[in-house]
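Me: I should like to go through the terms used for this model and see how each value meets its definition. Please begin with the structure itself.

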Amino acid sequence: MARIRTIKPEAFVSESLAAVSLTAERTFLGLLTQADDQGRHRDHAAIIAGQLWVLRPDHGPEGVETDLAQLDDAQLICRYTGPGNKRYLHIVTWHQHQKINRPSKSRLPACPRHDGPIGTASVGSTGITQPSPTPHRTLREDSRETHEPALNSEPDSEFAGQEPLMESSMREHEGLHEVTGRSHGTDLGPRTVDLGSSPSGGASAPAPDTVSTQHLMAEYIAACAHRPPKGVLGHLGREVHKLLGEGIAPTHIRAGLDRHRAKGLSPSTLPSLVHEAMNATPAHTVHRAWTNPADTAAAYGGDL
C-alpha cells in the first residue's frame, strides 16, 4: 500500500541521483512511496511499472528494469534474493532519510548485506542465521562521503565487495584469444556463502574453488570485440558473484554470459539467461504419420 514519504530538498542536488537518468530518478522517488516501513519492495519490474508508470504506457517493464539497473549501479537501491528464489530490493539510505512514526514490521525478508550484523544474516522470519556477504558501501548524501568495506583493500575495484579483477592481456592473432593475468589476492574463491540448500535435481554442481568471479569476467572481457563500460562490468560481476554463491556451475554461468554478450541485454538479466542455459528444452522431432508413396515404382524400384 502506498504511503506518504519525505523527500528532502537535498535530493535535487544529490550527486548519486544526478548519475542516473530522469526516468530512473522518478522510479526511485516513486519507490519511496511504495516501499514498506523498512524500505523494502519486491524486485519485479512489471509490478513497479504498474504502480508508478500506469499512465505512461511508453515506459513499461523493460524501461523500469533499466531504471532499476541504474539505481543498483549507483548503489541507491540494493537488489537481493530471498526464500524461494524471489527477488527483492531495498533503499540503501532509507533509515537516514525516512523517519517513520511507529513503523510496521516488514513482511519481506531482510537484505543479507545491510540488515544483519557483519558475519551473520537473517534469512526470512525463520530465525536462521548464516554467514553474510561483504556489506555494500555506505552512502552519505550530506557529506558526499563513501566508506569502503574493510575487506575490500582496493578502492578502485570494478566489483563491489570482491577482489579486483585480474589484469588481462589479450592476444588476437589467428582468431585466438589468449588470456593471461595476475590476481592481486590469494583467495580465488567466491566470498558469498550459499544461504540455502543445494540446488534440487542435481542441475548444477557447486562451483570449484579454482573458478572465481574474476576468472569468469576475464573470459567474458576477452571474448568481447571491445571492452564494455566499467558500470556494465561492475554490475555483471556482482551478478556472477551471486550465482557462484548459490552454487551454480561455472559452465552454466559461462553459457549465460555467452548469451548475454550476444544479445546485449542489461546485466540484471544474467540470472534468467543462466536459467535458460541450464534448463533449455531440446527441440522434439515432429512425428509424421505413414502414407503410401504416390509413385510406388520410383519408391521401391519396381520390387514389392
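Reply: Contact means heavy atoms within 4.5 Å. This is a predicted model, in which local features need pLDDT of at least 70 and side-chain atom pairs count only at pLDDT 80 or more, while totals for chains, interfaces and linings use all residues. Residues are numbered from 1 along each chain as its sequence is written, and side-chain values use heavy atoms, without hydrogens and water.

Me: Which residues is I77 in contact with, leaving aside its neighbours within four places in sequence?
Reply: I77 is in contact with F28, L31, L68, L71, D72, L89, H90, I91 and V92.

Me: Why is strand 3 called largely enclosed?
Reply: Buried means under 20% relative accessible area, exposed over 50% and partly exposed in between, with a 1.4 Å probe and protein chains only. Strands are DSSP runs of E, at least two residues, and helices are runs of H or I, at least four, numbered from the N terminus. Because 4 of the 5 residues of strand 3 (residues 87-91) are buried, the rest of the structure largely encloses this strand.

Me: What makes strand 2 and strand 3 a pair?
Reply: Two strands pair if DSSP finds at least two bridges between them. Strand 2 (residues 77-81) and strand 3 are joined by 5 bridges and run antiparallel, so the criterion of at least two bridges is met. Y80 stands opposite Y88 in strand 3.

Me: How do you know that R26 lies over the face of W53?
Reply: A charge sits over a ring if NZ of Lys or CZ of Arg is within 6 Å of the ring centre and within 35 degrees of the ring normal. R26 lies over the face of W53 at 4.4 Å from the ring centre.
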